[in-house]
Amino acid sequence: MSTPLIKLNSGFDIPAVGFGTWQSKPNEVSNAVEVALRSGYRHIDCAWLYGNEKEVGEGIRASGVPRSEIFITSKVWCTFFSKIQDGLDQTLANLGTDYVDLYLLHWPVALNPNGNHPVFPMNSTGTFDVDASCDLESSWKGMEALLKDGKVKSIGVSNFSQKKLEELLPKAEIVPAVNQLELNIYNPELKLVEYVKSKGIVVEAYSPLGSTNSPLLSDEIATQIANKHAIPVPDVLLGYILAKGMVVLPKSVTPSRIESNLKGALGASQVLTQEDIEKLDSVAASGKQKRFLLPPFGVDLGFDNWP
Ligand SMILES: NC(=O)c1ccc[n+]([C@@H]2O[C@H](COP(=O)([O-])OP(=O)(O)OC[C@H]3O[C@@H](n4cnc5c(N)ncnc54)[C@H](OP(=O)(O)O)[C@@H]3O)[C@@H](O)[C@H]2O)c1
């Protein structure tokens, strides 16, 4: 089974369904990645932060699918923003590959690399210890520099609001290829998506099922639409993103779900009508707006719906 491709502004193609690996335990992620690749996924979404890239690499090799046929994304964590090359080197060593297809700034805020914790440095008020000496311009220059030696094919961002993109874009030599965002029926980011697309940046949707334990599966409107078409609810939630021309990144460590999510997403994207999509677009505004991921950055990230 082949997934549709979306053209990036870097000239490369990205498979529109990617396989998520956050919260997949090291002892389960190799098998999950192997099953995913054998089921037809050709895009794996990783991050240094997830602490499982070594096992993701093992799963890739066990699948027998050639590296050249797989699109691998990773992300540089915020404590590495003043030493981005180090972050990339660790990721490449962990994955056991010479290059990643896409490398993202994980969040638009640098964290203190010499704070009280190597990953989540905190200050006394219970928020992250931000590294004010490292701004977005210098972090992005670090990303642009990576393109020169071929170890990264495309660069992009994640969790960037319009405000953060407006800060970055005038200073960027290379426009980010993607912006990976929390995006689902409870957080559809309708205005932000329009803005991001207008800049030639592809939107990737993370937590399409509502993240941990997939809470969106019990949503009433998604269920009604699923019943109408006699398809499972996850397919509706995933197909909704694809039908809107965005990349969707479902995560699972359960083989049957891994397989059905890919087939279901592709099928549902063909079956959902414009009316269904408009209904799903309006679920959040009917009083259900909610973000599932709220890390304590303690600075204004510029999102409308950040509490
Ligand atoms: N850039 C960022 O800051 C960022 C943040 C969050 C996520 N991401 C990326 O986006 C990916 C997806 O987001 P996510 O992991 O937050 O959540 P998600 O994909 O929305 O949901 C994952 C949850 O749904 C369950 N699930 C999956 N398919 C299912 C199905 N067909 N039926 C019932 N339950 C199902 C999974 O359970 P099982 O695994 O037990 O099957 C897991 O509990 C991540 O893995 C990561 O790669 C990026």
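User: What makes the shell around the ligand divide into nonpolar, polar and charged residues?

Analyst: The shell splits into twelve nonpolar, 14 polar and four charged residues, because Ala, Val, Leu, Ile, Met, Phe, Trp, Tyr, Cys and Pro count as nonpolar, Asp, Glu, Lys and Arg as charged, and the others, Gly among them, as polar. Keep in mind that this is a predicted model, where local features need pLDDT of at least 70, side-chain atom pairs count only at pLDDT 80 or more, and totals for chains, interfaces and linings use all residues. Residues are numbered from 1 along each chain as its sequence is written, and side-chain values use heavy atoms, with hydrogens and water left out.

User: What makes serine 252 a polar contact of the ligand?

Analyst: A polar contact is a pair of N or O atoms within 3.5 Å; within protein, one must be able to donate a hydrogen and the other to accept it, and residues adjacent in sequence count only if both atoms are side-chain atoms. A polar side-chain atom of serine 252 is 2.7 Å from a ligand oxygen, so that pair fits the cut-off. Serine 207 has a side-chain N or O atom 2.8 Å from a ligand oxygen, and for serine 158 the value is 2.9 Å, to a ligand nitrogen.

User: Why is cysteine 46 in no disulfide?

Analyst: A disulfide is a pair of cysteine sulfur atoms within 2.5 Å. The closest cysteine sulfur to that of cysteine 46 belongs to cysteine 78, 17 Å away, so it's too far for a bond.

User: How do you know whether cysteine 46 is buried or exposed?

Analyst: Its relative accessible area is 0%, and buried means under 20%, exposed over 50%, partly exposed in between (1.4 Å probe, protein chains only). So cysteine 46 is buried.
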